[in-house]
Structure formats: structure tokens, C-alpha cells
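Here are some exercises on a ligand and the pocket around it. Work through each task with the model open, then compare your steps with the solution.

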Amino acid sequence: MPVKILLNGYKGRMGQAIMSAAKDDADCDICALCDMGDNPESLIGNADVVVDFSFRDATPKLADLCAKTSKPLVIGTTGHSAEQRDSILKCAKTIPIVWAGNYSVGVNLLNYLTKIAASVLGDSYDVEIVEMHHKFKKDAPSGTAEKLKEIVCKARNVGENMVCYGRHGQVGERPVGEVGVHALRGGGVVGDHTVIFASDGERLELVHKAADRKIFAVGALRAAKWVSAAEPGLYGMEDVLNLK
Ligand code: NAD
């Protein structure tokens, strides 16, 4: 039996991508559609799982409704305040919630491979993280590059004081253990991330290139199928993909 999904935010870019991806997935059935102005309470009854790609203010109420009706939840929406996060986290005590800032299977694997490479390769390998996005992107570096930086810093046991965001002028010799982060902007690039490990004799590069937001939709559907059989708790894509 396919997993029946209530999709919140279906009129948006991601909502449309999820509807399109679900058409190609026999194990998923989008049984109910919800957007601004609709009442999810009247739509949730038939669903096995709720998937939310809407707006940050919508998620806490939706999570409450899921907790009340015992429906597992996949959250793709980003940008919640600390207060909103706390309210959503309380619901994970009674229902399973998958919550990820990036549902791309490839990016989550890149995170995992970066963790392994950073711990296997010692300080003699200099790490540089390079991201490129379209010219309209407002923030830099990307959330995904920030996450990669955190993974490298944790594996190397170094703090933010060892991170260098871009270089300019007389920068001097590169300190041992420094983590470089660089943001490139131009054209219509959806999202490229490269993690470079460079030593005197060799260079390892882990590269991910996103071409279509379909990758987030496919990952979110994978999470929806997984969460339908999960125990109550808070999970990330690393749990869905078994990357622990
Ligand atoms: P969008 O603006 O194109 O679509 C958002 C949709 O949500 C709209 O149709 C809007 O009407 C609807 N909406 C707004 N308030 C609502 C409410 N209270 N109840 C129900 N629906 C409501 O945005 P998008 O590009 O589709 O992105 C949606 C969210 O997903 C954003 O937070 C974005 O950052 C996030 N996102 C996450 C990932 C990921 O992998 N986690 C990937 C891409 C986007």
C-alpha cells in the first residue's frame, strides 16, 4: 500500500516539485493538498504522513495537529525562530518527525563523506570549502556550506576562530588547521558544493552539484516513507539514509 501524504504548501515551488516526484513513485500517494487559507484539520484524517514545505509560521500549528492526531511529520520548511523550534520539538515526544534543512540524498551523503575524510585525513591536509550559487541568492555562505564547515570543525576539534571566510591582500602563510570557506555567485547555478582536502602530495575533492529542486522532493518522499514506520522522536536525513 502506498503511503498517503497530506502535502502542506502544495502551491509553492517545492510543493509542485513534490507533487511531480510523487507521480513517479508508486509507494507514495498525495491524498490531500493544503495551502494558505485551507484548514489542515479537515484534511488530515485520511493521511498516513504530513509533509510540510510551506512557511515557518505554519509549522508549529501543523506539528501540534500532527501530535494530536498521531500523524508522523516531515518538515522541509526552514527559517523557524527559536520559539517556533521549541514548540515543534515538543511534538517529537509523541510522534516521529524528520526535520532537515536539505533533503538532497547527495548532499546528505556529501556531509557523511566529509565527516569521514576530515577525521581520517589529519591536519597536514588543508580543508577549503567552496560553494557556488545563482546571482540572486541573498545570503553567503550557503546553509549547506555552513553545515560542511561545522562537520569539518567538529571532526578536527577546532572552533570558529580557525575558519577563514575568503582571502584578500597580504594574507601570509596558511595556518595549520585553518578551514577556508568561499562563496562564488553567478548566473543561474542551483547549488554547487566542493570540499577540498589538500596535502603536499595529493588532493581529495568531494563535489556535489544540484541541477534541479527535484532532488529535495525525491529525498522528502523517501523521508515520508521512512517516517511512516518510525517510533516517536526527532530524526534527520542521516537517520533516513542510515548514515550514522
Ligand atoms: P514558496 O514560497 O514557493 O512556497 C511556499 C508555499 O507555502 C506557498 O504556496 C504558500 O502559499 C504556502 N504557505 C504559506 N503560508 C502557509 C500556511 N500558513 N499554511 C499553508 N501553506 C502556506 O517556497 P518554496 O521554495 O516552495 O519553499 C518552501 C519552504 O521549503 C521554504 O521554507 C524553503 O526554505 C524550504 N526548502 C527546503 C528545502 C529542504 O531541502 N529542506 C529545499 C527547498 C526549500
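Helices, in what follows, are DSSP runs of H or I with at least four residues, numbered from the N terminus. Keep in mind that this is a predicted model.

**Exercise 1.** Find which helix gives the most to the lining of the largest pocket.

*Solution.* Start with the pocket itself: about 1,800 Å³ of space lies in it, and 44 residues line it. Next, list the elements that give two or more residues to this lining: helix 1 (13–23), helix 4 (105–120), helix 5 (143–156), strand 9 (191–198), strand 10 (203–210) and helix 7 (237–240). Counting their residues then points to helix 5, which gives seven. To finish, sort the lining by class: 16 residues are nonpolar, 16 polar and 12 charged.

**Exercise 2.** Locate the ligand and describe the shell around it.

*Solution.* First, place the ligand: it sits in the largest pocket. Then collect the 20 residues around the ligand, of which Arg 13, Met 14, Asp 35, Thr 78 and Tyr 103 come nearest. Thr 78 is also among the lining residues nearest the centre of the pocket. By class, the shell splits into eight nonpolar, nine polar and three charged residues.

**Exercise 3.** Which polar contacts does the ligand make with Arg 13, Asp 35 and Ala 100?

*Solution.* Apply the cut-off of 3.5 Å between N or O atoms. Take the ligand's oxygen atoms: one is 2.9 Å from a polar backbone atom of Arg 13, and one is 2.5 Å from a side-chain N or O atom of Asp 35. Now turn to nitrogen: a ligand nitrogen atom lies 3.1 Å from a polar backbone atom of Ala 100. Lastly, check the cover: the protein hides 74% of the 860 Å² of accessible area that the ligand has on its own.

Note on methods
Residues are numbered from 1 along each chain as its sequence is written. This is a predicted model: local features need pLDDT of at least 70, side-chain atom pairs count only at pLDDT 80 or more; totals for chains, interfaces and linings use all residues. Side-chain values use heavy atoms; hydrogens and water are left out. A residue is near a molecule or strand if one of its heavy atoms lies within 4 Å of it. A polar contact is a pair of N or O atoms within 3.5 Å; within protein, one must be able to donate a hydrogen and the other to accept it, and residues adjacent in sequence count only if both atoms are side-chain atoms. Accessible areas come from the Shrake-Rupley method with a 1.4 Å probe; for residues, only the protein chains shown count as cover. On a 1 Å grid over the protein atoms alone, a cavity is a set of points where a 1.4 Å probe fits but cannot get out, and a pocket is an open set with protein on both sides within 12 Å along at least five of seven lines; lining residues have an atom within 4 Å of a point. A molecule sits in a cavity or pocket if more than half of its atoms lie within 2 Å of its grid points. Ala, Val, Leu, Ile, Met, Phe, Trp, Tyr, Cys and Pro count as nonpolar, Asp, Glu, Lys and Arg as charged, and the others, Gly among them, as polar. Grid points are joined across faces, edges and corners, and a volume is the space filled by probe spheres set on the points.
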